[in-house]
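Colleague: I have the sequence and the model open side by side, and I would like to go through the ligand site and its surroundings with you. Could we take it one question at a time?

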Amino acid sequence: VRCIDWADGAVRLIDQTALPAEERWVVITDPDELVDAIRRLAVRGAPALGAAGALGVALAARRAAGDSRAGNGARETAAGGAGRYEREIRDAAARLRGARPTAVNLGRGVDRALGRLGDGPDAVLAEARAILDEEAKACRTIGERGADLLQADRPLRLLTHCNTGWLATVEWGTALGVVTVLHERGLVERVYADETRPLLQGARLTAFELAALGVDHRVVVDGAAPSLIARRLVDGVVVGADRIAANGDVANKVGTYPLALAAARAGVPFVVAAPESTVDVGTPAGDAIEIEERDPVEVGPGPAYNPAFDVTPHDLVTAVVTERRTVRLSEGDTL
Ligand code: MRU
């Protein structure tokens, strides 16, 4: 099952805000409804956002093509009609791209789909579907590679943050894909899942996925996680990423950086599992990554500051595992 897909001329996605209480699938035909779904985290996680961005452009292209066929805005010249068709799609694309700033995949998905605009709406959709297939395939390889890296002669106690499974990635998962492969190899003793304040992607979504996989797990409050590492209750930390800068700095859900600090101090591997589509060589270092600030209301009723991501400096990252390579940053490898 994919968390987001194209079905019967529409985008179909599982509303992650309702999980785990309810498995609610929503059907979206309007690109601006998809913008809203992205903003409220009904669809979330970097690779899934890439898919959403591309599918959103496909929706916009179909609508615009329907509009021009129906003669809306009539009396335009053929050239004027084409201009309007393209403008409508590009405006929708800008709103999709702007829905969330940190995960590079969103803008990338939008741009890839836009690249096929000249070939018509079917070509735009084909490109979006190709992104979904590529992400699903990449995750399988990342899972195997990450498991090979962490492979041990005894079952491992792993710690993860946020949610990086099929819900976040179209299919299978990145960091949770690594956990899944290790579990298949009989090498997972237990997974500690950070609850991931303020929206609880760990407690709600990762726990839901781990339970479905049959992996022994415990949800821990974010504040407990570094001390678990210090107390040698964790053999490895494995997380995903929203954007990896050219120098290897990693933006991921806020609360990731303290895990990396604790892991470095304890000599525990800190592994980042992410597709190549999350590597952004156009961003030189982590300080150039825009960190999304979300509504303070998510934190609580009083005044609050709510940055949704943090940046882990590359020297704290043992390795970045993608579908193509295992980059041992701590040993001096570069991306
Ligand atoms: O705000 P979210 O839930 O979209 O944040 C998601 C994360 O930080 C994930 O760890 C990251 O996107 C990797 S998903 C494989």
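Colleague: Where does the ligand sit?

Modeller: Please keep in mind that this is a predicted model. The shell around the ligand is made up of 17 residues, the closest being Arg 44, Arg 100, Asp 242, Asn 252 and Lys 253. As for the place itself, the ligand sits in the largest cavity.

Colleague: Which elements give two or more residues to the shell around the ligand?

Modeller: By character, the shell residues divide into six nonpolar, seven polar and four charged. Two helices and a strand each give two or more residues to this shell, namely α2 (46-69), α6 (166-169) and β9 (250-253).

Colleague: How much of the ligand's area does the protein bury?

Modeller: Polar contacts can be listed before the area is considered: a side-chain N or O atom of Arg 44 is 2.4 Å from an oxygen atom of the ligand, and a side-chain N or O atom of Gln 201 is 2.9 Å from a ligand oxygen atom. Ala 46 contributes through its backbone, where an N or O atom lies 2.9 Å from an oxygen atom of the ligand. The ligand taken alone exposes 420 Å², and the share of this that the protein buries is 99%.

Colleague: What stands opposite Val 250 of β9 in strand β12?

Modeller: Strand β9 pairs with β12 (residues 309-312) in the antiparallel sense, over four bridges. Strand β9 also pairs with β8 (residues 243-245), again in the antiparallel sense but over two bridges, and there Val 250 stands opposite Ile 244. In β12, the residue opposite Val 250 is Thr 312.

Colleague: Which residue in the hairpin of β8 and β9 takes a positive phi?

Modeller: This hairpin has four residues between its strands. Within the hairpin, a positive phi near 95° is taken by Gly 248.

Colleague: Why is one side of β11 and of β12 left without a neighbour in the sheet?

Modeller: The sheet is open and has four strands in the order β11-β8-β9-β12, with mixed pairing. Strands β11 (279-280) and β12 stand at its edges, so one side of each is left without a neighbour, because each has a single partner strand.

Colleague: In β11, which residue is the bridge partner of Ala 245?

Modeller: Strands β8 and β11 pair in the parallel sense over two bridges. For Ala 245, the bridge partner in β11 is Asp 280.

Colleague: Which residue has a positive phi although it is not a glycine?

Modeller: Most residues other than glycine have a negative phi. The residue in question is found in the loop between β4 (156-160) and α6. With a phi of about 60°, this residue is Cys 162.

Colleague: Which residue does a cis peptide bond join to Pro 198?

Modeller: Most peptide bonds are trans. One cis peptide bond in the model joins Leu 19 and Pro 20, with omega about 0°, and Pro 20 lies in the loop between β2 (10-14) and β3 (25-28). Pro 198 is in the loop between β5 (188-194) and α8 (201-213), and its cis peptide bond, with omega again about 0°, joins it to Arg 197.

Key: Residues are numbered from 1 along each chain as its sequence is written. This is a predicted model: local features need pLDDT of at least 70, side-chain atom pairs count only at pLDDT 80 or more; totals for chains, interfaces and linings use all residues. Side-chain values use heavy atoms; hydrogens and water are left out. A residue is near a molecule or strand if one of its heavy atoms lies within 4 Å of it. A polar contact is a pair of N or O atoms within 3.5 Å; within protein, one must be able to donate a hydrogen and the other to accept it, and residues adjacent in sequence count only if both atoms are side-chain atoms. Accessible areas come from the Shrake-Rupley method with a 1.4 Å probe; for residues, only the protein chains shown count as cover. On a 1 Å grid over the protein atoms alone, a cavity is a set of points where a 1.4 Å probe fits but cannot get out, and a pocket is an open set with protein on both sides within 12 Å along at least five of seven lines; lining residues have an atom within 4 Å of a point. A molecule sits in a cavity or pocket if more than half of its atoms lie within 2 Å of its grid points. Ala, Val, Leu, Ile, Met, Phe, Trp, Tyr, Cys and Pro count as nonpolar, Asp, Glu, Lys and Arg as charged, and the others, Gly among them, as polar. Two strands pair if DSSP finds at least two bridges between them.
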